[in-house]
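Colleague: I am new to reading models of this kind. Please take me through this one, one question at a time.

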Amino acid sequence: MRADGSGVVDVVGRVVQSEPPARLVATWAEPGEEGREDRPFRVTFELRPYEDIGRPAVTHDDPADESERSAVAAGWPCRPTSRRC
């Protein structure tokens with residue numbers, strides 16, 4: 001849900017696995033797509049040891065197609081409705 005108080009939901013999903021503080025696996029899809037067979041797909045956040053600090057890693061499992069894989073490989077796309085775009 002957006003933090004602007006509008007009540008708009010941009011993504012839906014659920015936590016699949018949580019191993020604080022090092023790993024979080026969640027599913028996500030756009031509202032209305034969560035029942036589709038090709039949705040949702042998973043994203044894994046891991047905090048891996050690196051020297052004296054943690055190094056974050058984000059892995060996307062099973063993007064819908066090559067264009068979606070390319071989009072997230074370049075960073076999460078910004079929604080035009082966001083004030084930060």
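**Sheet, salt bridges and confidence**

Modeller: Start with the sheet: 4 strands form an open sheet in the order E1-E2-E3-E4, and the pairing is antiparallel. Strands here are DSSP runs (E, at least two residues) and helices are DSSP runs too (H or I, at least four), numbered from the N terminus. Two strands count as paired if DSSP finds at least two bridges between them. This is a predicted model, in which local features need pLDDT of at least 70 and side-chain atom pairs count only at pLDDT 80 or more, while totals for chains, interfaces and linings use all residues. Residues are numbered from 1 along each chain as its sequence is written, and side-chain values use heavy atoms, with hydrogens and water left out.

Colleague: Which are the edge strands of the sheet?

Modeller: An edge strand pairs on one side only. In the order E1-E2-E3-E4, the edge strands are E1 and E4 (53-61).

Colleague: By how many degrees are neighbouring strands turned against each other on average?

Modeller: The axes are lines fitted to C-alpha atoms (for helices over the stretch in contact), and angles run from 0 to 180 degrees between N-to-C directions. For neighbouring strands of this sheet the direction is ignored, and the average is 15°.

Colleague: How many bridges pair E2 with E3?

Modeller: E1 covers residues 15-19 and E2 covers residues 23-28; these two pair in the antiparallel sense over 4 bridges. One of the facing pairs there is Val-15 and Ala-26. E2 also pairs in the antiparallel sense with E3 (residues 41-50), and the number of bridges is 6.

Colleague: Which peptide bond is cis?

Modeller: A hairpin of 3 residues joins E1 to E2, and Pro-21 lies in that loop. In general, most peptide bonds are trans. The cis bond, with omega near 0°, runs from Pro-20 to Pro-21.

Colleague: Which residue of E3 stands opposite Arg-23?

Modeller: Arg-23 is the bridge partner of Glu-19. In E3, the residue opposite Arg-23 is Glu-46.

Colleague: How far apart in sequence are the parts that Glu-46 and Arg-23 tie together?

Modeller: Glu-46 and Arg-23 form a salt bridge (a side-chain nitrogen of Lys or Arg within 4 Å of a carboxyl oxygen of Asp or Glu), with the closest N and O atoms 2.9 Å apart. Glu-46 lies in strand E3 and Arg-23 in strand E2, so the tied parts are separated in sequence by 23 residues.

Colleague: Is Arg-48 buried or exposed, or in between?

Modeller: Arg-48 meets Glu-46 in a salt bridge of 3.0 Å, N to O, and Arg-23, Glu-46 and Arg-48 are linked in a network. Buried means under 20% relative accessible area and exposed over 50%, with partly exposed in between (1.4 Å probe, protein chains only). At 42% relative accessibility, Arg-48 is partly exposed.

Colleague: What is the closest N and O distance between Asp-10 and Arg-2?

Modeller: The structure holds 3 salt bridges, and Asp-10 with Arg-2 is one of them. Asp-10 is partly exposed at 21%, and Arg-2 is partly exposed at 24%. The closest N and O atoms of the pair are apart by 2.8 Å.

Colleague: Where in the protein is confidence lowest?

Modeller: pLDDT is the predictor's confidence in each residue, from 0 to 100. The protein averages 78, and 79% of the residues score at least 70. Confidence is highest in E1, at 93, and lowest, at a mean of 76, in helix H1 (residues 66-73).
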